[in-house]
Amino acid sequence: MPNDFTKLLLEWNRSGNTRQMPWKGEKDPYKIWLSEVVLQQTRVEQGLAYYEKFIERFPTITDLAMAPDELVFKTWEGLGYYSRCRNLLATARTIAFEKSGVFPDSYEDILKLKGVGPYTAAAIASFAFGQPQAVLDGNVFRVLSRYFGICTPIDTPEGKKLFSQLAKALLYQDDPAVYNQAIMDFGAVVCKPQQPACETCILRGDCQAFQLGCIDRIPVKSRSILRRNRFFYYFILSWKGGYYIRQRKESDIWQNLHEWVLLERSEILEADAAGFKKELKILLDTAVGEVREISVVQKQQLTHQTISGRFIRVELQTPLPENSGYRLVRREELSAIAFPRYITRYLETHPL
DNA sequence: AAGCCGGGGAT
DNA sequence: ATCCCAGGCTT
């Protein structure tokens with residue numbers, strides 16, 4: 001027998017939830033998994049086009065598993081958190097080639113997949129296989145903390161444990177999939193982070209945060225993130241119609257994506273052609289050509305870093321040495337290679 | 001347990 | 001500017 005919260009939530013879902021999404025009611029675990037990974041820390045509106053594009057290009061998990069890495073990364077380009085893409089591909093290959101294309105159907109086995117944590121495992125288990133696993137995402141944290149007036153920080157082990165138990169206890173056993181979908185829809189549409197629709201909310205009579213007038217202070221988070229400033233100077237070196245790039249490998253931002261010749265500094269550098277030419281010469285330990293253009297300062301905000309810098313176009317007079325770490329690619333090849341947004345944004349206004 | 005990993009939209 | 005998003009991995 002459902003409790004009051006679950007009853008009210010299901011009532012809202014029946015009568016007041018008009019939210020539509022392509023994966024709603026979907027039972028194919030591949031599509032569920034794909035949609036969930038795309039949507040990790042990503043708004044539905046932002047992820048939607050990527051989901052459609054993946055399904056179109058890779059209709060089955062085997063299609064995805066057999067695809068070249070670069071095509072998959074190119075499809076993911078611009079969505080961010082690129083480890084999701086790397087793990088997506090690894091898991092597709094594991095399932096396609098080691099599990100005969102059969103998606104695991106128990107929560108425990110789903111949880112073992114790369115890139116699949118407690119939330120995604122619960123989502124797949126409930127949506128694709130109807131299992132009684134309660135999802136716990138940003139929406140659920142917010143809805144439950146407000147409704148029950150819980151001030152325990154949600155980003156601590158204690159908070160995670162508390163909300164996990166609560167979510168489990170509230171789950172509608174007769175239809176876990178509908179319940180999970182409903183609570184996330186409710187959090188996204190009604191119990192929003194800012195300016196929630198309390199005036200029309202059918203749960204407000206029992207909502208502790210609303211009754212106490214502290215909606216805007218719940219959920220509570222313990223730590224605040226601090227950002228560091230980094231300064232990237234990208235040299236776009238051209239040689240005989242080609243351009244030098246490399247793939248980022250270090251454990252740093254934008255892993256697996258490509259970039260131009262990078263000079264990183266701890267401060268902003270002026271648009272000084274002679275200065276940049278000198279820096280480049282030191283960086284590559286080789287003669288360099290003419291500096292054609294230096295861009296204005298471009299800035300991008302990441303979660304833990306603020307990237308600022310310039311793009312410097314240089315026409316080489318000799319090719320780079322073989323051991324430079326960079327490879328020469330033709331201009332036409334660049335459209336198949338994945339770059340971080342910081343670079344594609346520049347290219348939008350400064351085509352090669 | 002804390003820190004790190006993108007990009008975009010809303011406020 | 002700040003917050004947050006259908007979180008998960010690494011250290």
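Strand 2 and strand 8 (residues 327–330) run antiparallel and are joined by four bridges. That pairing belongs to a predicted model, and the model also includes DNA: 24 residues sit around DNA strand B, while 27 surround DNA strand C. Here's a quick tour, starting with the strands and moving on to the DNA, the annotated domain and the empty spaces.

**Strands around strand 2**
- Within the strand 2–strand 8 pairing, Tyr-243 has Val-329 of strand 8 as its bridge partner.
- Tyr-243 of strand 2 also stands opposite Ser-238.
- Strand 1 (residues 228–239) pairs with strand 2 (residues 242–247) in the antiparallel sense, over two bridges.
- Those two strands make a hairpin with two residues between them, and Lys-240 in the turn has a positive phi of about 50°.
- Strand 3 (residues 258–259) is another antiparallel partner of strand 2, joined to it by two bridges.
- In that pairing, His-258 of strand 3 stands opposite Gln-247.

**DNA strand B**
- Coming nearest to DNA strand B are Tyr-82, Trp-254, Gln-300, Thr-303 and Arg-341.
- Of the atoms of DNA strand B that come within 4 Å of the protein, 60% are accounted for by sugar and phosphate.
- Tyr-82 puts a polar side-chain atom 2.8 Å from a phosphate oxygen of this strand.
- Trp-254 uses its backbone instead: an N or O atom there lies 2.5 Å from a phosphate oxygen of DNA strand B.
- Arg-345 joins in through its side chain, with an N or O atom 2.9 Å from a phosphate oxygen of DNA strand B.
- By class, the surface near DNA strand B has eight nonpolar, 10 polar and six charged residues.

**DNA strand C**
- The closest residues to DNA strand C are Met-21, Glu-36, Tyr-119, Thr-120 and Arg-142.
- Sugar or phosphate makes up 62% of the atoms of DNA strand C within 4 Å of the protein, and bases make up the rest.
- Arg-142 has a side-chain N or O atom 2.4 Å from a phosphate oxygen of this strand.
- Two glycines reach phosphate oxygens of DNA strand C with a backbone N or O atom: Gly-115 at 2.8 Å and Gly-138 at 3.1 Å.
- Helix 8 (118–129), helix 9 (138–147) and helix 11 each give at least two residues to the surface near DNA strand C.
- That surface counts 10 nonpolar, 10 polar and seven charged residues.

**The annotated domain**
- An unreviewed UniProt entry lists residues 38–189 as "domain: HhH-GPD".
- In the model, residues 38–189 are 66% helix and 0% strand, with the end C-alpha atoms 20 Å apart.

**Cavity and pocket**
- There is one cavity of 30 Å³ or more in the structure, and the largest cavity has a volume of about 110 Å³.
- The largest cavity has 14 lining residues, with Phe-186, Cys-191, Cys-201, Leu-203 and Cys-207 nearest its centre.
- Its lining is made up of 13 nonpolar residues, no polar ones and one charged residue.
- The second largest pocket has a volume of about 240 Å³.
- Lys-24, Gly-25, Ala-177, Val-178 and Gln-181 are the closest to the centre of that pocket, out of 14 lining residues.
- Helix 2 (29–38) and helix 11 (176–189) are the elements that give two or more residues to the pocket lining.
- The lining of the second largest pocket is a mix of five nonpolar, five polar and four charged residues.

Note on methods:
Residues are numbered from 1 along each chain as its sequence is written. Chains are lettered from A and ligands numbered from 1 in the order in which they are written. This is a predicted model: local features need pLDDT of at least 70, side-chain atom pairs count only at pLDDT 80 or more; totals for chains, interfaces and linings use all residues. Side-chain values use heavy atoms; hydrogens and water are left out. A residue is near a molecule or strand if one of its heavy atoms lies within 4 Å of it. A polar contact is a pair of N or O atoms within 3.5 Å; within protein, one must be able to donate a hydrogen and the other to accept it, and residues adjacent in sequence count only if both atoms are side-chain atoms. Ala, Val, Leu, Ile, Met, Phe, Trp, Tyr, Cys and Pro count as nonpolar, Asp, Glu, Lys and Arg as charged, and the others, Gly among them, as polar. UniProt positions are given in the numbering used here, feature names are shortened, and annotations may be inferred rather than shown by experiment. On a 1 Å grid over the protein atoms alone, a cavity is a set of points where a 1.4 Å probe fits but cannot get out, and a pocket is an open set with protein on both sides within 12 Å along at least five of seven lines; lining residues have an atom within 4 Å of a point. Grid points are joined across faces, edges and corners, and a volume is the space filled by probe spheres set on the points. Two strands pair if DSSP finds at least two bridges between them.
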